[in-house]
Amino acid sequence: MSGETVRFGRTELPPKQVEALRRAVRLEWVTIGVLVVTATLVFIVLGSSQAMKAAWSEDLLSFIPPIAFLIAVRLARRPPTTRHPYGFHRSVAVGHLVAAVALTGMGTFLLVDSSINLLRGEHPTIGTADLFGVTIWLGWLMIAVMAVTGIPPVILGRVKLGLARELHNKVLYADADMNKADWQTSLGTIVGVLGIGVGLWWMDAAAAIFISGSILHDGVSNLRAAVVDLMDARATTFDDNRPHPLAGRVDQYLAGLPWVARAGSRVRDEGHVFHIEAFVVPRRRKVALADIERARQGCVALDWKVQDIVIVPVPRLPHVVDAVTPPGSDA
């Protein structure tokens, strides 16, 4: 991928983003490989522990974000068509929504199931296993597996976080955020298994409830963000913490043009890129087409995400945009 032209629809990615995309794709494939090993090991030592079952379910759910990312990236590279004039950038939002719904649904199910088992007072038991001719408590194997398998996702998540910022990809961010929190699942599971070992049977169900709650929290937070994006809310940063500063940069640039009295824009997050409708109030009644085109090119040069932008001269700005006036202007 390095050295070749890479596009998201009509948007040609700069070399830095091309490299970030290459690394992100590779990391997601590595993540899938790690999850295959992790889910297999956890299943082998599953036993009757509710915490282990919840951890295994989380491992299975963790396949969804990387798969959604890989599919969304492939679809987003398709050029716009007559039927899809805005391109296929929304595939990222769709992938985000699918992953969020799956997390929310499974988190709710596991939380209800674990709570019922706790209320019923079910006492899980952990037997023994023969390992190289030695009989050991199966709980030690469970603890060893959770301790080892909890490390790689945390490392992968921290690396993905920076790539999600570079690519402005919320599916990748959701995946990274889940990976970073995997140590909590591993620790909770270990505590639950140790609880069974010392006779505190309820600690296993409590750990399962904790893990289920973590899954549900990830699901609900991502579901809220995905739905807001699909409803064309104001564009935010990749982590949804604040409005994206690029909108302000576009407005400031347009307001600084000599023929513009006021400027304001509506910015819609399409996935990796933005669709921007920029409104300008001209200082004169007639505006040259060349001035509008130069303004559009200047906006595109601000950031690689500003490709799909239209500039509309208007007598007054729509009430839904924040007006920006040139410095020292009384407009």
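This report describes salt bridges, nonpolar cores, a helix pair and three individual residues in a predicted model.

## Salt bridges around Lys170

The model holds 19 salt bridges, and two of those described here share Lys170 as a partner. In one of them, the side chains of Lys170 and Asp229 come together with a nitrogen-to-oxygen distance of 3.0 Å. This pair links distant parts of the chain, since Asp229 belongs to helix α9 (residues 202-230) and Lys170 to helix α7 (residues 170-180), with their positions 59 residues apart in sequence. Asp229 and Lys170 are both buried, and for Lys170 the relative accessibility is 4%, which is why this residue counts as buried under the 20% cut-off.

The other salt bridge joins Lys170 to Asp240, where the closest N and O atoms are 2.7 Å apart. Lys170 is in helix α7 while Asp240 is in the loop between α9 and α10 (245-255), so this pair ties together parts of the chain that are 70 residues apart in sequence. Asp240, with a relative accessible area of 30%, is partly exposed, whereas its partner Lys170 is buried.

## A salt bridge within helix α11

Arg294 and Asp291 also form a salt bridge, and the closest N and O atoms of this pair are 2.5 Å apart. Both residues lie in helix α11 (residues 289-300), where they are three residues apart, or about one turn of the helix. The two partners differ in their accessibility: Arg294 is exposed, with a relative accessible area of 52%, whereas Asp291 is buried, with a relative accessible area of 13%.

Elsewhere in the model, salt bridges with shared partners connect Arg90, Asp232, Arg268 and Glu270 into one network.

## Nonpolar cores

The largest nonpolar core contains 31 residues, and the members that touch the most other members are Phe8, Leu13, Leu21, Phe69 and Leu172. Two or more residues of this core come from each of the elements α1 (15-44), α3, α6 (151-167) and α7. Helix α1 provides the largest share, with nine residues.

A second core, separate from the largest one, is made up of 22 residues, including Val250, Ala263, Val280 and Ile309.

## Packing of helices α5 and α8

Helix α5 (residues 138-149) packs with helix α8 (residues 182-197) at an angle of about 170 degrees, and the axes of the two helices are 9 Å apart. Because angles over 145 degrees count as roughly antiparallel, that description applies to α5 and α8.

On the α5 side, the contact is made by Gly139, Trp140, Met142, Ile143, Met146 and Ala147. On the α8 side, the contributing residues are Ser186, Thr189, Ile190, Val193 and Leu194.

## Ser62, between α2 and α3

Ser62 is found in the loop between α2 (50-61) and α3 (64-76). With a relative accessibility of 3%, Ser62 counts as buried. A polar atom of the Ser62 side chain lies 2.8 Å from the backbone oxygen of Glu58. When neighbours within four places in sequence are left aside, the residues in contact with Ser62 are Leu35 and Met178.

## Gly47 and Met203

Gly47 lies in the loop between α1 and α2 and, at 42% relative accessibility, counts as partly exposed. Apart from its neighbours within four places in sequence, Gly47 is in contact with Lys53 and Met142, and Met142 is also one of the α5 residues that make the contact with α8. Gly47 and Leu257 are 210 residues apart in sequence, and their C-alpha atoms are 69 Å apart in space.

Met203 is placed in helix α9, the helix that also holds Asp229. Met203 has a relative accessible area of 18% and is buried. Its C-alpha atom is separated by 8.9 Å from that of Ala51, although Met203 and Ala51 are 152 residues apart along the chain. Leaving out neighbours within four places in sequence, Met203 is in contact with Val191, Gly192 and Gly195.

Methods. Residues are numbered from 1 along each chain as its sequence is written. This is a predicted model: local features need pLDDT of at least 70, side-chain atom pairs count only at pLDDT 80 or more; totals for chains, interfaces and linings use all residues. Side-chain values use heavy atoms; hydrogens and water are left out. Helices (H or I, at least four residues) and strands (E, at least two) are DSSP runs, numbered from the N terminus. Buried means under 20% relative accessible area, exposed over 50%, partly exposed in between (1.4 Å probe, protein chains only). A polar contact is a pair of N or O atoms within 3.5 Å; within protein, one must be able to donate a hydrogen and the other to accept it, and residues adjacent in sequence count only if both atoms are side-chain atoms. Contact means heavy atoms within 4.5 Å. A salt bridge is a side-chain nitrogen of Lys or Arg within 4 Å of a carboxyl oxygen of Asp or Glu. A nonpolar core is a set of buried Ala, Val, Leu, Ile, Met, Phe, Trp, Tyr and Cys residues joined through side-chain atoms within 4.5 Å. Axes are lines fitted to C-alpha atoms, for helices over the stretch in contact, and angles run from 0 to 180 degrees between N-to-C directions. Angles under 35 degrees count as roughly parallel, over 145 as roughly antiparallel, 65 to 115 as roughly perpendicular and the rest as oblique.
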